[in-house]
Amino acid sequence: MTTKLLVGLDGHDSGARALKHAQALAKLIGDCELVIAYVIEWSPFAFQTAEENAQRHKRREEEIDLAKSRIVEPAVARVIADGQKASGVVQHGNVSDTLDRLARKHEAEQIIVGRVADTGIGARFFGSSTSNLVMQARVPVTVVN
């Protein structure tokens, strides 16, 4: 049976470090697939005008296409070029909730993400996506420095 690892990318160096670590783990495991995910933070509670609401669905689809072509598909291609199994997914939502849900959906054994040094006031009040994921995930989470 193939072991699956969910790798959360963020479009930055931290995501690249997470992917590199996941690839190393996959080599050790052997029969392993990396499910490479990118989550576009999207709040259903955003206050918008009627005109903005009319364009919301179109914008969401454009953002998904852009994230796939610029972030996820190149990462999947690199992993496959290295001789490993990979697939990709892009979704809107709360980052920690969505990664946890994707891990369950794809039956991943573990979630691997990179640590981002966010020391802003927002992270102090609300917590970071990474810390929220660690606290709520239903599978083990590896945070790569």
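Buried means under 20% relative accessible area, exposed means over 50%, and partly exposed lies in between. The model used in these exercises is predicted.

**Exercise 1. Sort four charged residues**

Decide whether Asp-31, Lys-85, Asp-100 and Lys-20 are buried, partly exposed or exposed.

Solution.
- Step 1. Take Asp-31. Its relative accessibility is 34%, so Asp-31 is partly exposed.
- Step 2. Take Lys-85. A relative accessible area of 41% makes Lys-85 partly exposed too.
- Step 3. Take Asp-100. Its value is 6%, so Asp-100 is buried.
- Step 4. Take Lys-20. This residue sits in helix α1. At 66%, Lys-20 is exposed.

**Exercise 2. Lay out the chain**

List the elements of the protein chain in order from the N terminus.

Solution.
- Step 1. Count the elements. The chain has five helices and five strands.
- Step 2. Put them in order. They run β-α-β-α-β-α-β-α-α-β.
- Step 3. Add the burial. Of the 145 residues, 37% count as buried.
- Step 4. Look at the contacts. Take those between residues at least 6 apart in sequence: 75% of them join residues at least 24 apart.
- Step 5. Turn to the surface. The accessible surface comes to about 8700 Å². Carbon and sulfur atoms account for 54% of that area.

**Exercise 3. Find the partners of helix α3**

Which elements do the buried residues of α3 pack against?

Solution.
- Step 1. Locate the helix. Helix α3 spans residues 95–105.
- Step 2. Pick out its buried residues. They are Val-95, Ser-96, Thr-98, Leu-99, Asp-100, Leu-102 and Ala-103.
- Step 3. Name the strands they pack against. These are β1 (3–9), β2 (32–41), β3 (85–93) and β4 (110–114).
- Step 4. Add the helix partner. That is α5 (129–136).
- Step 5. Go just past the end of α3. There, Glu-107 takes a positive phi of about 55 degrees.

**Exercise 4. Trace the salt bridges**

How many salt bridges are there, and which residues form them?

Solution.
- Step 1. Set the rule. A side-chain nitrogen of Lys or Arg must lie within 4 Å of a carboxyl oxygen of Asp or Glu.
- Step 2. Count. The rule gives two salt bridges.
- Step 3. Take the pair Asp-31 and Lys-85. Their side chains meet at 2.6 Å, N to O. This pair links distant parts of the chain, 54 residues apart. Asp-31 lies in the loop between α1 (13–29) and β2, and Lys-85 lies in strand β3.
- Step 4. Take the pair Asp-100 and Arg-104. Their closest N and O atoms are 3.1 Å apart.
- Step 5. Explain the spacing of this second pair. An α-helix has 3.6 residues a turn, so residues three or four places apart point the same way. Asp-100 and Arg-104 are four residues apart in α3, so about one helical turn separates them.
- Step 6. Compare the burial of the two partners. Asp-100 is buried at 6%, whereas Arg-104 is partly exposed at 39%.

**Exercise 5. Map the surroundings of Asp-100**

Which residues does Asp-100 touch, not counting those up to four places away in sequence?

Solution.
- Step 1. Place the residue. Asp-100 is in helix α3.
- Step 2. List the contacts. Asp-100 touches Ile-111, Leu-133, Gln-136, Ala-137 and Arg-138.
- Step 3. Look closer at Arg-138. The side chain of Asp-100 reaches the backbone nitrogen of Arg-138 at 3.0 Å.

Technical notes. Residues numbered from 1 in each chain as written. Predicted model: local features only at pLDDT ≥ 70, side-chain atom pairs only at ≥ 80, totals over all residues. Heavy atoms only, no water. Buried < 20%, exposed > 50% of the residue type's maximum accessible area, 1.4 Å probe, protein only. Helix = DSSP H or I, 4+ residues; strand = E, 2+ residues; numbered from the N terminus. Contact = heavy atoms within 4.5 Å. Polar contact = N/O pair within 3.5 Å; in protein donor to acceptor, adjacent residues only side chain to side chain. Areas by Shrake-Rupley, 256 points an atom, 1.4 Å probe, with all protein chains shown as cover.
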